[in-house]
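Thanks for coming. I'll take a few minutes on one structure, starting with how its chains are arranged and ending with one piece of the fold.

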Number of protein chains: 2
Amino acid sequence: MYKQKYSSQLLEKAVDEFASLPGIGRKSALRLALHLLKQPVENVNRFGNSFIALRNGVKYCSNCNMITDDNMCSVCSDTHRDKSVICVVESIRDFLSIENTGQYNGLYHVLGGIISPMDGIGPADLSIDKLIERVNNQDVSEVILALSTSMEGETTSFFLYKKLSELNVKVSTIARGVGFGDDLEYTDEFTLGKSIENRHTFKI
Amino acid sequence: MYKQKYSSQLLEKAVDEFASLPGIGRKSALRLALHLLKQPVENVNRFGNSFIALRNGVKYCSNCNMITDDNMCSVCSDTHRDKSVICVVESIRDFLSIENTGQYNGLYHVLGGIISPMDGIGPADLSIDKLIERVNNQDVSEVILALSTSMEGETTSFFLYKKLSELNVKVSTIARGVGFGDDLEYTDEFTLGKSIENRHTFKI
């Protein structure tokens, strides 16, 4: 007889699936599966179906590549947004992080990654041609590069800057400096040095 | 227009569902949902359906209440197990923890909780009558109480002991003491005291 580790193949499969998620080990997976067992049937059906509906139904914005339920995302289709500014981000999560600040009223462009030769990701794998096309055709005055400060992020920013500088568009990058609430004492020298170099007029 | 926080209602629903799990916040939930988006469609379908299949298909062993795919769990239906010993545990997880040690060859009885007046759980809410019935009808010589040492656990153990002492059965409890790898210095006084009181003959 096949020795079932969890006495139930159904439980074992559910634990396997939870454990396939990043950051969830088999002990947590078992805890989550047993948690679901205590929930009403209709809740668990809704739980399982929500992921199936997401994966099968999701679309990407035809303009900026953001995830959406329609052909165009809520930002691109919002008539109140400033369509002359495009903020270039690496991922959907970075898009959401900036959007959640409530400080930005322009459009976005999701690259879908950054140039990383180690991972075999070159410029052709990213949505760079589409960005150039948007700048050319959509009356864009400024492109903000909001990529990470890793070597790959800086490489990608430089690559985009070279491409964009051929066009009639202002290219800017988000400010680097000491974060709010950070101690100067514990800020790395490079960040602190940049924050002094890029100092600006005091205002309240 | 309804302002969608995640630009996609499908994504929002999936994040809501992940965030409904214990120990998973909204940031982790978003990370998990976006992880699923990168997986092949058939994997995500299998992922979602595994929980639906578990919740709708699961059964509980008619003898010991353990989770199973059949009417009787793999332990109760195993002819090589010693059917004269029953180990009483609070939950399915405790059942699995003891089973995983590979040190126990008897049967189990899953109580389904412990007596906890604060949470409104009394003896009638637990599978106690069924345990008494098993002891009476199934030729049981020993019942091992493997409940937690919390006040509720001790209360439940005492309650079960009183009930079982009326029957012709030996009642034992798992050993408490200093765990393997634990420093004596950092072991609490109560545990250390018990480990001295319950010392036994040295053997290799």
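One definition before the symmetry: the copies are superposed by least squares on the C-alpha atoms of residues with pLDDT of at least 70 in both. The confidence cut-off is there because this is a predicted model.

With that superposition, a turn of 180° and a shift of 0.1 Å along the axis lay chain B on chain A, and the RMSD is 0.1 Å. The two copies are thus related as by a two-fold rotation axis. Which residue of chain B comes closest to the rotation axis? That is B:Gly48, whose C-alpha is at 2.0 Å.

Now the interface. Chain B contributes 44 residues to the contact, and chain A contributes 44 residues. On the side of chain B that touches chain A, the elements giving two or more residues are helices H1 (9-19), H2 (26-37), H3 (41-57) and H4 (92-101), together with strand E2 (67-68). H3(B) supplies the largest share of that side, with 14 residues. Sorted by class, this side of chain B has 26 nonpolar, 13 polar and five charged residues. As for chain A, 100% of the interface residues of chain B are also interface residues there, so the copies meet through the same surface.

Last, the fold detail, in chain A. Strand E5 (residues 142-145) and strand E6 (residues 170-173) of chain A run parallel and are joined by four bridges. A:Ile144 has A:Ser172 in E6(A) as its bridge partner. Between E5(A) and E6(A) the chain passes through helix H6 (residues 151-164) of chain A, a β-α-β crossover that is right-handed.

Definitions and conventions
Residues numbered from 1 in each chain as written. Chains lettered and ligands numbered in written order. Predicted model: local features only at pLDDT ≥ 70, side-chain atom pairs only at ≥ 80, totals over all residues. Contact = placed C-beta atoms within 7 Å. Nonpolar A, V, L, I, M, F, W, Y, C, P; charged D, E, K, R; others polar. Pairing = 2+ DSSP bridges. Right-handed = clockwise from strand over helix to strand, strands pointing away.
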